[in-house]
Amino acid sequence: MKIIAIGRNYAEHAKELNNPVPIEPVIFLMPETALIRSNKPFFYPDFSNDIHYEVELVVKINKLGKNISEKFAHRYYNEIGIGIDFTARDIQAKLKEKGLPWEKAKAFDGAAPLGKFISKTELPEVNNISFSLEKNGELVQKGNSKDMIHSIDAIIAHVSQYFTLKIGDLIFTGTPAGVGPVKIGDALYAKIEGKELLKVQVK
Ligand code: ZN
């Protein structure tokens with residue numbers, strides 16, 4: 001399986017990092033080794049001093065597809081979950097400056113804690129799903145899929161022009177505003193529609 005992640009998909013977040021709002025989705029890939037499942041802890045890596053959380057809705061692909069049209073994209077997923085796209089902001093800043101790929105800042109071991117999934121039938125309409133992240137009991141990020149620059153279906157249509165989507169592939173759909181640093185000892189809780197689906201302890 002592969003993990004496809006979308007950058008800068010919420011205008012307010014692009015603004016907070018002084019990035020232009022993209023016309024086409026910004027895409028990067030993560031290997032399977034980036035995942036943390038079952039609420040296992042995240043171990044702060046030695047190579048960074050500035051790890052940031054980014055809470056994101058995650059789409060799980062349930063059907064093989066290529067060149068999927070936006071109109072039919074909804075047939076390629078049944079479940080939506082939540083994850084964190086941990087980012088080594090210090091490393092990313094250096095890579096961005098040199099115009100280099102982001103993988104070292106985004107795709108390292110444990111960079112992608114993944115929570116439980118919910119069936120679409122138990123959720124509001126796909127373009128109106130609210131989600132949030134709490135850090136040590138304080139609300140730090142709040143988002144809604146209606147504010148995505150590229151909708152879930154548009155992302156699937158775009159991405160599948162380049163990469164065949166396979167059953168079990170995951171798409172991290174971008175983070176809303178409010179990203180910030182974590183430190184050892186922090187606890188993160190991610191929710192969809194008020195339901196807690198992911199907990200990450202930073203160790
Ligand atoms: Zn992200």
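The following questions and answers concern a predicted model, with attention to a buried lysine, a small sheet and several salt bridges.

Visitor: Where in the chain does K120 lie, between which strands?

Guide: Strand β8 covers residues 112-119 and β9 covers 130-135. K120 belongs to the loop that connects them, between β8 and β9.

Visitor: Which side chain of opposite charge is nearest to K120, and how far away is it?

Guide: K120 is buried and has no salt bridge. A salt bridge requires a nitrogen-oxygen pair within 4 Å. The nearest side chain of opposite charge belongs to D153, at 6.5 Å.

Visitor: Which backbone oxygen does the side chain of K120 reach?

Guide: Beyond four places in sequence, the contacts of K120 include Y77, N78, E79, I80 and V126. H74 is also in contact with K120. At 2.7 Å, the backbone oxygen reached by the K120 side chain is that of H74.

Visitor: Which strands are the edges of the open sheet of three strands?

Guide: The order of the sheet is β7-β4-β12, with antiparallel pairing. Each edge strand pairs on one side only. The edges are β7 (87-88) and β12 (180-181).

Visitor: Which residue of β12 stands opposite Y53?

Guide: Strand β4 comprises residues 51-53 and pairs with β12 over two bridges, in the antiparallel sense. Opposite Y53 stands G180.

Visitor: How far apart are the closest N and O atoms of K15 and E12?

Guide: K15 and E12 are three residues apart in helix α1 (residues 11-16), so about one helical turn separates them. K15 counts as exposed, because its relative accessibility is 54%. The two residues form a salt bridge, with the closest N and O atoms at 3.2 Å.

Visitor: Are K106 and D85 buried or exposed?

Guide: K106 and D85 form a salt bridge, their closest N and O atoms being 2.8 Å apart. The pair links distant parts of the chain, with K106 in helix α3 (residues 103-106) and D85 in the loop between β6 (77-84) and β7, 21 residues apart. The cut-off for buried is under 20% relative accessible area. K106 has 3% and D85 has 1%, so K106 is buried and D85 is buried.

Visitor: How many residues apart in sequence are the parts that D186 and K135 tie together?

Guide: The side chains of D186 and K135 meet in a salt bridge at 4.0 Å, N to O. D186 lies in the loop between β12 and β13 (187-192), and K135 in strand β9, so the parts tied together are apart in sequence by 51 residues.

Visitor: Which residues do salt bridges with shared partners join into one network?

Guide: A search of the whole structure finds nine salt bridges. Those that share partners join into one network E54, D85, R89 and K106.

How values were computed: Residues are numbered from 1 along each chain as its sequence is written. This is a predicted model: local features need pLDDT of at least 70, side-chain atom pairs count only at pLDDT 80 or more; totals for chains, interfaces and linings use all residues. Side-chain values use heavy atoms; hydrogens and water are left out. Helices (H or I, at least four residues) and strands (E, at least two) are DSSP runs, numbered from the N terminus. Buried means under 20% relative accessible area, exposed over 50%, partly exposed in between (1.4 Å probe, protein chains only). Lys and Arg count as positive and Asp and Glu as negative; His and the chain ends are not counted. A polar contact is a pair of N or O atoms within 3.5 Å; within protein, one must be able to donate a hydrogen and the other to accept it, and residues adjacent in sequence count only if both atoms are side-chain atoms. Contact means heavy atoms within 4.5 Å. Two strands pair if DSSP finds at least two bridges between them.
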